[in-house]
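Thank you all for making time this morning. Please keep the sequence and the model side by side while I talk, and stop me whenever something is unclear.

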Amino acid sequence: MAVGKVTFTKAEREKLAEVLWLLNWISVVTGAILFGLGIFLKVEIQKWQEVMSEQGILYVPHMLITTGLAACGINYLGSKICLDCADTNKFLRWKLVMMPYIVCTFFFTACVLAGALLCYSIRGQLEESLYQGLRNAMRFYKDTDTPGRCYLKRTLDLLQIQFQCCGISGYRDWFQVQWISGRYLDMTDGAVVDRLRSNVEGKYLMDSVPFSCCSTISPRPCVQHRLSSASSDFSYDHQRQPLNLWRRGCGQALLDHYTGVMQSIGLTVLLIWLFELLVLTGVRYLQTAMENVLRLGDPESESDGWILEKSLAETACYNFDIIKNLGKCYQVDDDPNINVPSVAAELEVPSQQVQVQS
């Protein structure tokens with residue numbers, strides 16, 4: 001029994017073809033939107049790529065860009081096909097193309113859905129990449145004269161100022177790394193030497209943070225050095241008064257930013273997928289209805305259209321049998337004796353020859 005069977009008159013078939021022509025042109029626009037979203041997401045990721053440990057998450061915008069370009073091409077072809085399918089004579093030109101076109105559109109629609117789901121499922125990978133990248137960036141913050149790392153200080157300072165954050169999880173993360181370059185340390189100062197010797201790895205660690213951690217909305221001067229000391233600033237009690245530093249970590253700030261962007265893009269792509277699914281269903285109805293008109297031989301008659309000619313289980317079994325038979329066509333017999341004549345065959349030939357001679 002056919003799935004989703006609907007009967008169409010000639011006028012309804014023509015109207016369906018016109019509507020699908022319009023919807024395919026709208027789908028070309030949605031394809032351009034997909035392409036634009038992919039470009040936007042790629043730019044957003046590359047904006048802070050220096051604080052990411054890997055660029056593996058770029059496959060999401062690349063997928064959106066590719067899918068958007070494919071959408072423009074496929075739906076442009078679909079608009080031409082649907083416009084011609086309103087006429088039975090013109091439909092004959094596209095009859096052999098319709099089924100491959102529907103199959104390609106089905107896989108393209110599946111890619112759109114995959115892109116939407118990736119936008120929601122990438123959070124874990126993005127979090128790991130951000131935290132590891134920020135940890136490395138803080139470690140190399142002081143290397144302003146090292147090629148390949150000289151811009152990390154600028155990038156981290158801009159990040160902390162723009163997102164109003166400090167460190168990875170908080171300002172105390174800066175206590176664990178040496179963020180002041182050795183060029184600015186006075187090695188003739190005994191206190192500096194003692195601090196370096198007190199650390200197993202020879203790092204100059206202190207309870208201070210870069211200037212970019214200072215809150216711009218605080219009415220007091222920024223306290224960024226000797227944060228654990230009561231004498232760090234005049235009339236400042238570090239145990240009672242709150243610090244005028246950004247409290248939020250940059251890892252969470254960036255993660256929240258990208259999560260918001262991904263969720264917005266994912267919702268848009270999901271809506272585009274629903275629209276493309278609607279167009280694909282309409283094209284399938286138009287194809288089956290026009291093919292049944294050709295079978296009936298009367299362009300004016302009513303015809304049935306459907307999504308699947310048989311039930312879902314029967315269609316799945318039928319396609320599975322086709323795939324299985326295709327596999328058998330390419331099987332190679334590995335028997336080494338397949339082309340070796342048997343002893344009985346060798347003896348049979350002379351006996352037949354003797355009988356002929358007698």
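Let me begin with a question: in which helix is Gln160 found? Gln160 is found in helix 5, the helix that runs over residues 152-162, and I should say straight away that what you are looking at is a predicted model.

Is Gln160 buried or exposed? Its relative accessibility is 1%, and because buried means under 20% relative accessible area, Gln160 counts as buried. If we leave aside the neighbours within four places in sequence, Gln160 is in contact with Cys165, Cys166, Gly167, Trp174, Ser212, Cys213, Trp246 and Cys250. With one residue of that list there is a polar contact to look for, as the side chain of Gln160 reaches the backbone nitrogen of Gly167 at 3.0 Å.

Now let us step back to helix 5 as a whole. Besides Gln160, the buried residues of helix 5 include Leu152, Thr155, Leu156, Asp157 and Leu159. What covers these buried residues includes helix 4, which is residues 123-139, and helix 7, which is residues 250-296.

If we turn the view round to helix 4, the buried residues there are Leu126, Ser129, Leu130, Tyr131, Gly133, Leu134, Ala137 and Met138, and they pack against helix 5 and helix 7. Helix 4 has 17 residues and reaches 24 Å from its first C-alpha to its last, which is close to the 24 Å expected at 1.5 Å a residue.

What follows helix 5? Helix 5 is followed by Gln164, which is found in the loop between helix 5 and helix 6, the latter being residues 190-198. The phi of Gln164 is near 50 degrees, a positive value in a residue other than glycine. With a relative accessible area of 40%, Gln164 is partly exposed, whereas Gln160 in the helix is buried.

Let me move on to charged side chains. In general, side chains of opposite charge can pair when their charged atoms come close. How many salt bridges does a search of the whole structure find? The search finds nine, and I will go through some of them.

One of them joins Asp304 and Lys5, with the closest N and O atoms 3.5 Å apart. This pair links distant parts of the chain, since Asp304 is in strand 2, residues 303-305, while Lys5 is in the segment before strand 1, residues 6-8, and the two are 299 residues apart. Asp304 is partly exposed, at a relative accessible area of 23%, and Lys5 counts as exposed, at 52% relative accessibility.

Another lies within a helix: the side chains of Glu44 and Lys47 meet in a salt bridge, at 3.0 Å from N to O. Both residues lie in helix 1, three residues apart, which is about one turn of the helix. An α-helix has 3.6 residues a turn, so residues three or four places apart point the same way. Even so, the accessibilities of the pair are worth reading one by one, for Glu44 counts as buried at 9%, while Lys47 counts as partly exposed at 45%.

A further salt bridge is formed by Lys142 with Asp143, the closest N and O atoms being 3.8 Å apart. Here Lys142 is partly exposed, with a relative accessible area of 22%, and Asp143 counts as buried at 13% relative accessibility. Elsewhere, salt bridges that share partners join Lys80, Asp84 and Arg93 into one network.

Let me return to helix 1, residues 10-47, and look at Ala11, which lies in that helix. Ala11 is exposed, with a relative accessible area of 53%. Along the chain, Ala11 and Glu300 are 289 residues apart, yet their C-alpha atoms are separated by 9.0 Å.

Finally, a word on what the record says. An unreviewed UniProt entry carries the annotation "transmembrane region" for residues 20-45, 57-78, 98-120 and 265-286. In the model, residues 20-45 are 100% helix and 0% strand, with the end C-alpha atoms 37 Å apart. Residues 265-286 are likewise 100% helix and 0% strand, and there the end C-alpha atoms are 32 Å apart.

That is where I will stop, and I am happy to take questions.

Technical notes
Residues numbered from 1 in each chain as written. Predicted model: local features only at pLDDT ≥ 70, side-chain atom pairs only at ≥ 80, totals over all residues. Heavy atoms only, no water. UniProt positions renumbered as here; feature names shortened; annotations may be inferred. Helix = DSSP H or I, 4+ residues; strand = E, 2+ residues; numbered from the N terminus. Buried < 20%, exposed > 50% of the residue type's maximum accessible area, 1.4 Å probe, protein only. Polar contact = N/O pair within 3.5 Å; in protein donor to acceptor, adjacent residues only side chain to side chain. Contact = heavy atoms within 4.5 Å. Salt bridge = Lys/Arg side-chain N within 4 Å of Asp/Glu carboxyl O. Expected span 1.5 Å × (residues − 1).
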